[in-house]
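Reader: I am new to this structure and would love a close look at one small part of it. Could you walk me through the loop that holds the cis peptide bond, and then show me what surrounds that story?

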Number of protein chains: 2
Amino acid sequence: MLETLSAEIIAIGSELLAPDRTDTNSLWLTEKLNSIGIEVKLKTIVGDDDARLEEAIRDATRRSKVVITTGGLGPTEDDVTRKVAARALGRRLSLDETILAELRQRFLSFGQVMPERNSRQAMVIEKAVVLPNPNGSAPGMFIEHEGVAIVLLPGPPREMRPMFENHVLPKLAGRAGSVKVVRRMLRVAGLGESAVDEKIAPIYTQYDNPQTTILFNQSEIEIHLTARGRTEVEANALLDRLSEQIEDRLGNAVFAFAGEKMEEIIGLKLTLGRYTLAVAESCTGGLIAQRLTEVPGSSKYFIEGAVTYSNDAKTRTLGVEPVLLLEHGAVSAPVAQAMAEGIRKRARTDYGLAVTGIAGPGGGSEEKPVGLVYIALSDDVHTEHRQLQIPGDRQLVRWRASQAALDLLRRRLI
Amino acid sequence: MLETLSAEIIAIGSELLAPDRTDTNSLWLTEKLNSIGIEVKLKTIVGDDDARLEEAIRDATRRSKVVITTGGLGPTEDDVTRKVAARALGRRLSLDETILAELRQRFLSFGQVMPERNSRQAMVIEKAVVLPNPNGSAPGMFIEHEGVAIVLLPGPPREMRPMFENHVLPKLAGRAGSVKVVRRMLRVAGLGESAVDEKIAPIYTQYDNPQTTILFNQSEIEIHLTARGRTEVEANALLDRLSEQIEDRLGNAVFAFAGEKMEEIIGLKLTLGRYTLAVAESCTGGLIAQRLTEVPGSSKYFIEGAVTYSNDAKTRTLGVEPVLLLEHGAVSAPVAQAMAEGIRKRARTDYGLAVTGIAGPGGGSEEKPVGLVYIALSDDVHTEHRQLQIPGDRQLVRWRASQAALDLLRRRLI
């Protein structure tokens, strides 16, 4: 069935050859390329090494129909991609005055004079289409060379990704032919990986197309569905059929149907209901507030957050009675509830959400081990709480506690 | 000068080209190779694809003194490494009766008869030294070919690692001589990538050893130094000499000398001085508190955080006068200062740190554009502030604002 184009990815930079660094751009690129029916056949990681890079580009161009490089477009001596790619393709490299003017302007808009070395970034390979970079100073290039598409992208993901999505993907999609690959991601909270698989394996194993992969990511289960079809409509119809069956089986535990984050889903529900929210955090230390306010427009519903790390702060800011702290300890159900009620009353919001727990590595005891977390949710009618015992290191306990608290709110908002 | 041997690593297997898989064997191998003075110059990841793999092995053998492959030594049709490596080197492949007998014995010891397809694993390349695999059925191979060492290793880490350490590392260490490679990472805040490079290029370009790479990561500049020496002491002395010169040139802007994070450095300084801290955040929405409390033991110095998103919250929790908000707006120097003073007094801490700004994408105006951020730091003597205009999207503005605020505190603590 459905034929695919071959691609190679070349990641450039000596730092990518260190023992503690890995090239992650190629993973993101692979997913995007797969989605338009292009298969990655080989990946190369090469340092700032003219000879090896030149050979890598030349070999890839001979073997594959699409060649993508990332990195090496910066302003320093080390950034050799432009120069070496030109040589590998036997094309001239020359200064583009328009790009140079834009670069100077970019620096001026930040109140700076462009350092002379940045003019290097205005060098363009003969007949290349220049790809604009709104997030950085390095423009990319798209070159047609003997039937092969060669694409030079910057290394930083936040520059590379929008450039690829806006300027490269549409060009490549055209040449990829009639196979469309469509992906969808469902997100699940409150169920373990095995539980999810046990529930839905009887459904998804019936299908070769779509393909289903279940991934465990911090405390979320991601269900990745990939469908192939002659058209996007056909592939999407296959996805619809399978994802409806999965949703039926998992119910409320599925919180996102198109890869949205928990905090985005909550923002949507709060906005729709015109509700307001305040949060009080101890062990999560601001993580819940930070996640909620990462969403643009969150100032409409997020009113105030309190990171009450010390007992005194819990009392003075949230009105938690000292006797509660004394009798039950800061990590307890009564304190979690008092925190949720306290922040709701203080900020005069519809909901108050609170977390207190022991993130570790220190601070645990036999009675209250590391990973013990209480979450509480208060509205003007009642306050509920949950006790959790979360496995993992400090960072993971904090993240999972924040997720559980947000999920408690999400379920209340349904 | 000290010549290090050059190595290439080829990871083999179609599954390594999926969007959710990365080759981690090469990281482990790189660390081991570096430790005996062998530098990895290029990495290739290739599928079960005869033609591309053959070319990859042939090219690597021509360019580098050590070539290591991982994977593709299993018993199935897909496992093509033996066959393709033999072809790439122009050597015969033949059945080794001793290995075959050992394989049969291995299966028998588990009470099984060897499946016929496993006899493939007894095929040996002409003149190869066979590397025993106590943890699996695939033996490895070590081949001397025109002055190059070619090593074929199995893919599973628990088979690959002991085989490499016991049988390959000693052989390679002999030929590498006594060269040691040592790395160090300096982190810089408050200067741009080009500015850093302009300042220190005159220094680091004087040295081939150590090698210097400058990386831009969110709003931090990372300076990676790699030194080679006959001993670790010698390599470290080279690093000391260069890093001291860089520190002299960049001064206070260098905040970490061994790759520590900003929040770790601040935690260290606060702990040493027995100081306490509270933070008041508007546009960063809890990110500063979250970063500070990510550090184990932060409860010793971090007392309270306030995420005062609404104006009301700034007044009721931080005591910011409504008239200030009315006259100057929430995003202004007087409000940032009042926030820093307010949280310090509320939490009775030595320092109060505050941020207010416009993270975008909405909320900007001509007078107060997206990216305008005020940070302020208060102690019992005085309160200082900075006005910043930060480029980037919402997430980046928030991160850079948090970094600038923490850096303001760091400089005060010096």
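Author: Happy to! In chain B, the residue to find is B:P210, which sits in the loop between α6 (193-204) and β10 (211-217); helices (H or I, at least four residues) and strands (E, at least two) are DSSP runs, numbered from the N terminus. The peptide bond leading from B:N209 into B:P210 is cis, and its omega is near 5 degrees.

A word on what you are viewing: this is a predicted model, where local features need pLDDT of at least 70, side-chain atom pairs count only at pLDDT 80 or more, and totals for chains, interfaces and linings use all residues. Residues are numbered from 1 along each chain as its sequence is written, while chains are lettered from A and ligands numbered from 1 in the order in which they are written.

Now turn to chain A. There, A:P210 lies in the loop between α6 (193-204) and β10 (211-217), and the bond from A:N209 to A:P210 is cis, with omega near 5 degrees.

Another loop is worth a visit. B:R348 is found between α12 (333-347) and β15 (351-357) of chain B, and its phi is near 50 degrees, a positive value in a residue other than glycine. B:R348 counts as partly exposed because it has 13 C-beta neighbours inside 10 Å; a residue is buried with 20 or more other C-beta atoms within 10 Å of its own, exposed with 12 or fewer, and partly exposed in between, with C-beta atoms placed from the backbone.

For the wider setting, chain A has 13 helices and 17 strands, and buried residues make up 48% of its 414 residues.
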